[in-house]
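Me: I'd like to go through this one and ask why things get the labels they get. Could you show it first?

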Amino acid sequence: MTILITGGAGFIGSNFIFYQRKAHPEDKLVCVDKLTYAGNLSTLKSVMDDPMFRFYRMDICDRESVYQIFETEKPDVVVNFAAESHVDRSIEDPCVFLQTNIIGTATLMDACRKYGVKRYHQVSTDEVYGDLPLDRPDLFFTEETPIHTSSPYSSSKAAADLLVMAYHRTYGFPATVSRCSNNYGPYHFPEKLIPLMIANCLNDKPLPVYGEGLNVRDWLYVEDHCKAIDLIIRKGRVGEVYNIGGHNEMRNIDIVKLICKELGKPESLITYVTDRKGHDLRYAIDPTKIHNELGWLPETKFTDGLHKTVQWYLDNRAWWEEIISGEYQTYYERMYGNR
Ligand code: NAD
Ligand code: TDX
């Protein structure tokens, strides 16, 4: 079959492409990506010459181009990773989040309906559930937890999820939605916590921890997320939402200390900075449904995954050094300069 993957030049989309090539070499992959600041063609260089892979630079909001590519490539399945994905940027400037994350999703779904795509999968996030209190470790997000967003980013993702479920109910649109916790691993853009701390450590720069570093995230190795999505598109039930997470809750400060330890850098690099506005306290996923229905379980232990990730950033300095030497510097100064 032909799988159209949007946002495949970004972090999770590219890892999904690599996973698909390995797990299902018989399937043809078509990647479309606008190549925003977060998309990198160099990430895809190992698959660029593969006859079973094709890349198009395209904005998922550009209806005419989207229809054109669906007409040409006739995808059987569409997996939508394309999004503006960084909470801090959404706090600075929400508009592009609404455009890509909501209008882009609607445009893709309209194309799927027009060209009879058999399955559409929306890659969503646990952030649509809002946050949990720090003093209630017994509480988790299930698929029934009400949507209750905090940031412009999570609101735009929630709006897209609602639209997907509305297309399913109204038109019988064959869609699934997955809501995953925080991912980490290779090709993670260095504005996000783990790669930012690795890059700063390696450059002996301050490690900017928001607030007191007590916020909790539930970390999952990116390949485990890709395996879960693969199961959903092949075996998941249409019209269903699946939570994905590995019961791996960590406080931010503990992650940063672990990274210092991995790299042999002093914790004195840690600098506490002004907190993120509206900062979600804790995310924690209950993955019972995907485990019971599809047999999914995370395979990578956090200590192993973090070790592999740190090693990847050590082995692939050129990839992230090129990123942080460009427009990123203006971003960094704006975000952290006076914090
Ligand atoms: P990312 O920012 O690394 O990559 C996003 C990709 O989408 C980039 O390649 C970018 O160029 C592309 N893109 C952006 N706007 C586009 C547009 N208008 N048209 C076409 N392409 C466009 O993001 P990521 O971390 O890989 O996240 C992928 C998806 O997974 C997102 O939908 C995100 O909401 C979701 N998600 C991420 C995490 C996480 O921890 N990173 C966790 C749960 C869910
Ligand atoms: O410099 C930093 N210092 C810091 O303390 C950065 C960049 C982050 N943080 C904190 C904020 C969060 O509590 O670390 C935590 C993780 O921050 P991010 O890496 O920005 O991720 P988060 O906001 O949790 O969102 C991520 O997970 C859910 C992804 O970026 C989203 O796309 C996904 O939906």
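What follows is a back-and-forth on the ligands, the pockets and a few single residues.

Me: Before the labels, what kind of model is this, and which cut-offs go with it?
Reply: It's a predicted model, where local features need pLDDT of at least 70, side-chain atom pairs count only at pLDDT 80 or more, and totals for chains, interfaces and linings use all residues. Residues are numbered from 1 along each chain as its sequence is written, chains are lettered from A and ligands numbered from 1 in the order in which they are written, and side-chain values use heavy atoms, with hydrogens and water left out.

Me: What makes a residue count as near a ligand, and which come nearest to ligand 1?
Reply: A residue is near a molecule if one of its heavy atoms lies within 4 Å of it. There are 28 residues around ligand 1, and I12, D33, S85, Y153 and K157 come nearest.

Me: How do you know that S85 makes a polar contact with ligand 1?
Reply: A polar contact is a pair of N or O atoms within 3.5 Å (within protein, one must be able to donate a hydrogen and the other to accept it, and residues adjacent in sequence count only if both atoms are side-chain atoms). A polar side-chain atom of S85 sits 2.7 Å from an oxygen atom of ligand 1, so the pair is within 3.5 Å and qualifies. The backbone joins in too: an N or O atom of I12 lies 2.8 Å from a ligand 1 oxygen, and one of T36 lies 3.0 Å from a ligand 1 oxygen. Overall, the protein covers 97% of the 830 Å² of accessible area that ligand 1 has on its own, using the Shrake-Rupley method with a 1.4 Å probe (for residues, only the protein chains shown count as cover).

Me: Which elements build the shell around ligand 1?
Reply: Helices (H or I, at least four residues) and strands (E, at least two) are DSSP runs, numbered from the N terminus. On that basis α1 (11-23), β5 (119-125) and α5 (152-171) each supply at least two shell residues, and β5 gives the most, with three.

Me: And what about ligand 2: which residues are closest?
Reply: Ligand 2 is surrounded by 22 residues, the closest being T125, Y153, R276, H279 and Y336. Side-chain N or O atoms of N182 and R217 lie 2.9 Å and 2.8 Å from an oxygen atom of ligand 2, and a polar side-chain atom of E127 lies 2.7 Å from one. The protein covers 94% of the 660 Å² of accessible area that ligand 2 has on its own.

Me: What makes something a pocket rather than a cavity?
Reply: Work on a 1 Å grid over the protein atoms alone: a cavity is a set of points where a 1.4 Å probe fits but cannot get out, while a pocket is an open set with protein on both sides within 12 Å along at least five of seven lines. Lining residues have an atom within 4 Å of a point. The largest pocket holds about 200 Å³, and the second largest has about 160 Å³, each volume being the space filled by probe spheres set on the points, which are joined across faces, edges and corners.

Me: How do the linings divide by class?
Reply: Ala, Val, Leu, Ile, Met, Phe, Trp, Tyr, Cys and Pro count as nonpolar, Asp, Glu, Lys and Arg as charged, and the others, Gly among them, as polar. The largest pocket's lining has two nonpolar, one polar and seven charged residues, with D88, E92 and R276 among them. For the second largest pocket the split is seven nonpolar, one polar and three charged; its lining includes F18, Y19 and W312, and α1 gives the largest share, four residues.

Me: Why is F173 called buried?
Reply: Buried means under 20% relative accessible area, exposed over 50%, and partly exposed in between (1.4 Å probe, protein chains only). F173 has 3%, so F173 is buried. F173 lies in the loop between α5 and β6 (175-180).

Me: L35 and K74: buried or exposed?
Reply: L35 counts as buried because its relative accessibility is 16%, and K74 is exposed because its relative accessible area is 57%. L35 is in the loop between β2 (28-33) and β3 (53-57), and K74 in the loop between α2 (63-73) and β4 (77-80).

Me: What is phi for L35 and for K74?
Reply: Phi of L35 is near 55 degrees and phi of K74 is near 45 degrees, each a positive value in a residue other than glycine. Most residues other than glycine have a negative phi.
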